[in-house]
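Hello,

Here is the structure I said I would pass on. My notes are below it.

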Amino acid sequence: MGNDKLTLIQALKFARHDFLNELQLILLYIDLGKLPEAKQKILETTDAMRQTAMLERLGLPAVEAWLVTFDWVYSVFHKTITSTITTGIRQVDDAVVVAYLEQVFQTAEKLVDPTSDYEAQIAVNATSTNWSITIIVNGVMDNMLAAPQVTGNFIVEETISQHQWMFTISGQ
């Protein structure tokens, strides 16, 4: 989808589609008599939902929305999210953080090979005073450019290698 903002209806359609895919996979395991696999898929799915729900504690609603819809907007990436978040007062404009992330990933999406798989592991961590979002993208990263200059009240660190891009954005 690239530059497009998701409407509420589009987001609901994506969420429903993803949820139905998970249910179909569980049903398939049950039909094949693979009950341990069905149970494991249920546990994985509920854990992913729990991790996503925990993002609300970050206190940055625009960043939360960006993270939740990340792989719907940037469809070349498949995401997994882990989060360890303590509620706190954040000293950053989350709209500025989202604008920066959008700029970075719109560029990244144009530079990666659309026929390759890219796993984006997103780790969101926050204490009562600090927060960080680390995104590790695994896949062929030959054409990646350095992240643009930061204009907000946050810090960006990144490492680019041939098969991995690690990007951390953090602040108070």
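The notes below go through the helices and their charged pairs, then the strands, then one loop residue. Please keep in mind that this is a predicted model.

Helix α1

Helix α1 covers residues 8-31, which is 24 residues. From its first C-alpha to its last it reaches 34 Å, close to the 34 Å expected at 1.5 Å a residue. Just after α1 comes Gly 33, with a positive phi of about 75°.

A nonpolar patch lies on the surface here, with an area of about 360 Å². Its members are Phe 19, Leu 20, Leu 23 and Met 49. Helix α1 gives the largest share of the patch, 3 residues. Phe 19 belongs to α1, and its relative accessible area of 40% makes Phe 19 partly exposed.

Salt bridges

How many salt bridges does a search of the whole structure find? The search finds 3.

One of them joins Glu 22 to Lys 41, with the closest N and O atoms 3.0 Å apart. This pair links distant parts of the chain, since Glu 22 sits in helix α1 and Lys 41 in helix α2 (residues 35-53), 19 residues apart. Glu 22 is partly exposed at a relative accessible area of 25%. Lys 41 has a relative accessibility of 16% and therefore counts as buried, the cut-off being under 20%.

Lys 41 also forms a salt bridge with Glu 44, and here the closest N and O atoms are 4.0 Å apart. Both residues of this pair, Glu 44 and Lys 41, are in helix α2, 3 residues apart, or about one turn of the helix. An α-helix has 3.6 residues a turn, so residues three or four places apart point the same way. Glu 44 is partly exposed, with a relative accessible area of 41%. Glu 22, Lys 41 and Glu 44 are thus linked in a network of salt bridges.

Lys 79 and Asp 71 form another salt bridge, with 3.2 Å between the closest N and O atoms. Are these two residues buried or exposed? Both Lys 79 and Asp 71 are buried. As a general point, side chains of opposite charge can pair when their charged atoms come close.

Strands β1, β2 and β3

I looked at one residue in each of these strands.

Ser 83 is in strand β1 (residues 77-85). With a relative accessible area of 5%, Ser 83 is buried. Leaving aside neighbours within four places in sequence, Ser 83 is in contact with Gln 51, Met 54, Leu 55 and Val 124.

Asn 125 is in strand β2 (residues 118-126). Asn 125 is partly exposed, at a relative accessible area of 34%. Which residues does Asn 125 contact, leaving aside its neighbours within four places in sequence? They are Thr 84, Asn 130, Trp 131 and Ser 132. Asn 125 and Leu 55 are 70 residues apart in sequence, while their C-alpha atoms are 9.5 Å apart in space.

Ser 132 is placed in strand β3. Its relative accessibility is 17%, so Ser 132 counts as buried, which requires a value under 20%. Not counting residues up to four places away in sequence, Ser 132 touches Ala 123, Val 124 and Asn 125, and also Thr 168, Ile 169 and Ser 170. Val 124 therefore turns up in the contacts of Ser 83 and in those of Ser 132.

The loop between β3 and β4

Where is Asn 153 found? Asn 153 is in the loop between β3 (131-138) and β4 (155-160). Asn 153 is exposed, because its relative accessible area of 52% is over the 50% cut-off.

Leaving aside neighbours within four places in sequence, Asn 153 is in contact with Gln 91 and Val 92. A polar atom of the Asn 153 side chain lies 2.6 Å from the backbone oxygen of Gln 91. Asn 153 and Gln 172 are 19 residues apart in sequence, and the distance between them is 8.3 Å, C-alpha to C-alpha.

Regards

Conventions. Residues numbered from 1 in each chain as written. Predicted model: local features only at pLDDT ≥ 70, side-chain atom pairs only at ≥ 80, totals over all residues. Heavy atoms only, no water. Helix = DSSP H or I, 4+ residues; strand = E, 2+ residues; numbered from the N terminus. Buried < 20%, exposed > 50% of the residue type's maximum accessible area, 1.4 Å probe, protein only. Contact = heavy atoms within 4.5 Å. Polar contact = N/O pair within 3.5 Å; in protein donor to acceptor, adjacent residues only side chain to side chain. Expected span 1.5 Å × (residues − 1). Patch = residues over 30% accessible without salt bridge, like charges linked within 9 Å, V, L, I, M, F, W, Y side chains within 5 Å. Areas by Shrake-Rupley, 256 points an atom, 1.4 Å probe, with all protein chains shown as cover. Salt bridge = Lys/Arg side-chain N within 4 Å of Asp/Glu carboxyl O.
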